[in-house]
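Q: Please take a close look at one loop and at the sheet around it. I would like a careful, connected account with the cut-offs stated.

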Amino acid sequence: MLLAKALDVRYGQFRAVREVSLEMKQGETIALIGANGAGKSTLLRAIAGALPIHSGALLFKQDDITHAPSCDRVKQGLSLVPEGRRLFTDMTIEENLLLGQTIHRPGEWDLERVFETFPNLVKRRYAKAGSLSGGEQQATAIGRSLMSNPELLILDEVSLGLSPLVVDQVYASIEKLRDTGTTIILVEQALDRAISFAKRAVCMLEGRIVLDKLTVDTDRHEITQAYFGLQKNTTQEAS
Ligand SMILES: Nc1ncnc2c1ncn2[C@@H]1O[C@H](COP(=O)(O)OP(=O)(O)OP(=O)(O)O)[C@@H](O)[C@H]1O
């Protein structure tokens, strides 16, 4: 589904993502792990087309999308739920959700299904997004992505700023998506949650991937070592 070959992403002269290669199959779930500043958001934003790729190649369903604009990537089925949600605060939940549908990708997701998946949004359907709680905003941001009927859903720090109870609710929803076969890349700071959610753990350190393993083949200790750069590179083919 996704193939990244030696991706470099830069801010001016600074290489925030360095020679990252990653292959992902349909239905797979990856937890992207790493310390603050490791390059996770930069990588996800480059995959989604929100940042230019300096060098390397990116293929989605075998099409070269290295330099494709983000709207074309959404049309092809790739959708990012960005860190910080980025909702239109003066628009209602329903209006924000409908924005996800403007590209008219066919599929099973529509307003009704989003409200079924996130029942906490039903009562707030006509409320302005700016007046929502953090959890409601997160559910709206995920719902807006789902409205584009994505084949690859990228979730950047979905639990950021949410209370533990609300995080549980958001995870219950995205676990449903995972279990129905949606391909997901997720950035999650809570290591235990990341490991239990995803089939595969990919850890970044200073812009590079330093560990890439199936979660059944690794453990908290090994990931923590990679997270802090305390062991030698354990990147391997996870398939
Ligand atoms: N707009 C920017 N301009 C310049 N440097 C940036 C910019 N955004 C991020 N960086 C730098 O790029 C590096 C990677 O940042 P990035 O946000 O991708 O990391 P991250 O792993 O997502 O971190 P966090 O967990 O804190 O969100 C960091 O050194 C950061 O300071």
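A: Gln62 is exposed, with 7 other C-beta atoms within 10 Å, on a scale in which a residue is exposed if 12 or fewer other C-beta atoms, placed from the backbone, lie within 10 Å of its own, buried if 20 or more do, and partly exposed in between. The model is predicted, so local features need pLDDT of at least 70 and side-chain atom pairs count only at pLDDT 80 or more, whereas totals for chains, interfaces and linings use all residues. Residue numbers start from 1 along each chain as its sequence is written.

Gln62 sits in the loop between β4 and β5, and Lys61 has its place in the loop between β4 and β5 too; strands (E, at least two residues) and helices (H or I, at least four) are DSSP runs numbered from the N terminus. Lys61 is partly exposed, having 14 other C-beta atoms within 10 Å. Most residues other than glycine have a negative phi. Lys61, although not a glycine, has a positive phi of about 50°, and Gln62, likewise a residue other than glycine, has a positive phi near 75°.

The strands on either side of this loop belong to an open sheet of four strands in the order β2-β1-β4-β5, with antiparallel pairing, where two strands pair if DSSP finds at least two bridges between them. At the edges stand β2 (14-24) and β5 (63-64), each with a single partner strand, so one side of each is left without a neighbour in the sheet. Further in, β1 (residues 2-11) and β4 (residues 55-60) pair in the antiparallel sense over five bridges, and Lys5 stands opposite Ala57 in β4.

Helix α1 (residues 40-48) lies across β1, β2 and β4 and runs at about 65° to β2. Contact here requires C-beta atoms, placed from the backbone, within 7 Å, and the angle, on a range from 0 to 180 degrees between N-to-C directions, is taken between lines fitted to C-alpha atoms, for helices over the stretch in contact.

Both α1 and β2 also reach the ligand, each supplying at least two residues of the shell around it, and the largest share, three residues, comes from α1. Among the residues around the ligand are Phe14, Ala16, Lys40, Ser41 and Thr42, a residue being near a molecule if its C-beta atom, placed from the backbone, lies within 6 Å of it.

How values were computed: Contact = placed C-beta atoms within 7 Å.
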